[in-house]
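Notebook, today's page: I want to look up how a metal site is built into a chain, and then what lies in the nonpolar core. I start with one residue and work outwards.

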Amino acid sequence: MGSYAKAIMTGFICRLCSEQKKKVIHLYSGKARKLALMEKIKLLPITIDKYDNLPKTVCEQCIERLEIQYNLVLKIKKSNAIQRSHRLFHSNGRCPVECPLHGIHDPNWAGLDSDEL
Ligand SMILES: [Zn+2]
Ligand SMILES: [Zn+2]
């Protein structure tokens, strides 16, 4: 009778890749909270609800990929904010020292003397 329970315990279905994995993290565990897993999953085009009756475990590989994707999104967001502030910071064609993009050549920026760079 122990074999049935054992068969079930050989793995968990990963919510993200649907593969059966032995090493998984439960989405509502303390470990998942520490890794901010839900925050990272929010970037995906899926919604996870605590009561949706679907797997609540995610495998290590998916977490790794999620981490990379999350960092990429953060980087893009940050870079977008810098570029926007660069545009907003000054409208007189000069990039002040306070600007995060100061000293970087911006070919799209009309009105800036190239020898000033
Ligand atoms: Zn997975
Ligand atoms: Zn600037």
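I looked up Cys62 first and found a relative accessibility of 6%, so Cys62 counts as buried; buried means under 20% relative accessible area, exposed over 50%, and partly exposed in between, with a 1.4 Å probe and protein chains only. I note that this is a predicted model, in which local features need pLDDT of at least 70 and side-chain atom pairs count only at pLDDT 80 or more, while totals for chains, interfaces and linings use all residues. Side-chain values use heavy atoms, with hydrogens and water left out, residues are numbered from 1 along each chain as its sequence is written, and chains are lettered from A and ligands numbered from 1 in the order in which they are written.

Cys62 sits in helix 4, residues 60-89 (helices are DSSP runs of H or I with at least four residues, strands are runs of E with at least two, and both are numbered from the N terminus). Setting aside residues up to four places away in sequence, I found that Cys62 touches Cys14, Leu16 and Cys17, where contact means heavy atoms within 4.5 Å.

Next I looked up the zinc ion (ligand 1), whose protein donors are the SG atoms of Cys14, Cys17, Cys59 and Cys62, lying 2.2 to 2.4 Å from the ion. Donors are N, O and S atoms within 2.8 Å of the metal (3.2 Å for Na, K and Ca), and sites may look incomplete, as water is not among the atoms. The angles among the four donor atoms are 105 to 115°, and the site is tetrahedral, a label given to four donors if all angles lie between 85 and 135 degrees. Cys17 lies in the loop between strand 1 and strand 2 and Cys59 in strand 4 (residues 57-59), so this pair ties together parts that are 42 residues apart in sequence.

Is Cys59 buried or exposed? Cys59 has a relative accessible area of 0% and is therefore buried, whereas Cys17, at 24% relative accessibility, counts as partly exposed.

Last, I turned to the largest nonpolar core, a set of buried Ala, Val, Leu, Ile, Met, Phe, Trp, Tyr and Cys residues joined through side-chain atoms within 4.5 Å. This core has 13 residues, of which Leu27, Leu37, Ile41 and Val58 touch the most other members. Helix 3 (37-41), strand 4 and helix 4 each give two or more residues to the core, and helix 4 gives the most, with three residues.

Conventions. Four donors count as tetrahedral if all angles lie between 85 and 135 degrees; four count as square planar and six as octahedral if opposite donors are over 155 degrees apart and all others between 65 and 115; anything else is irregular.
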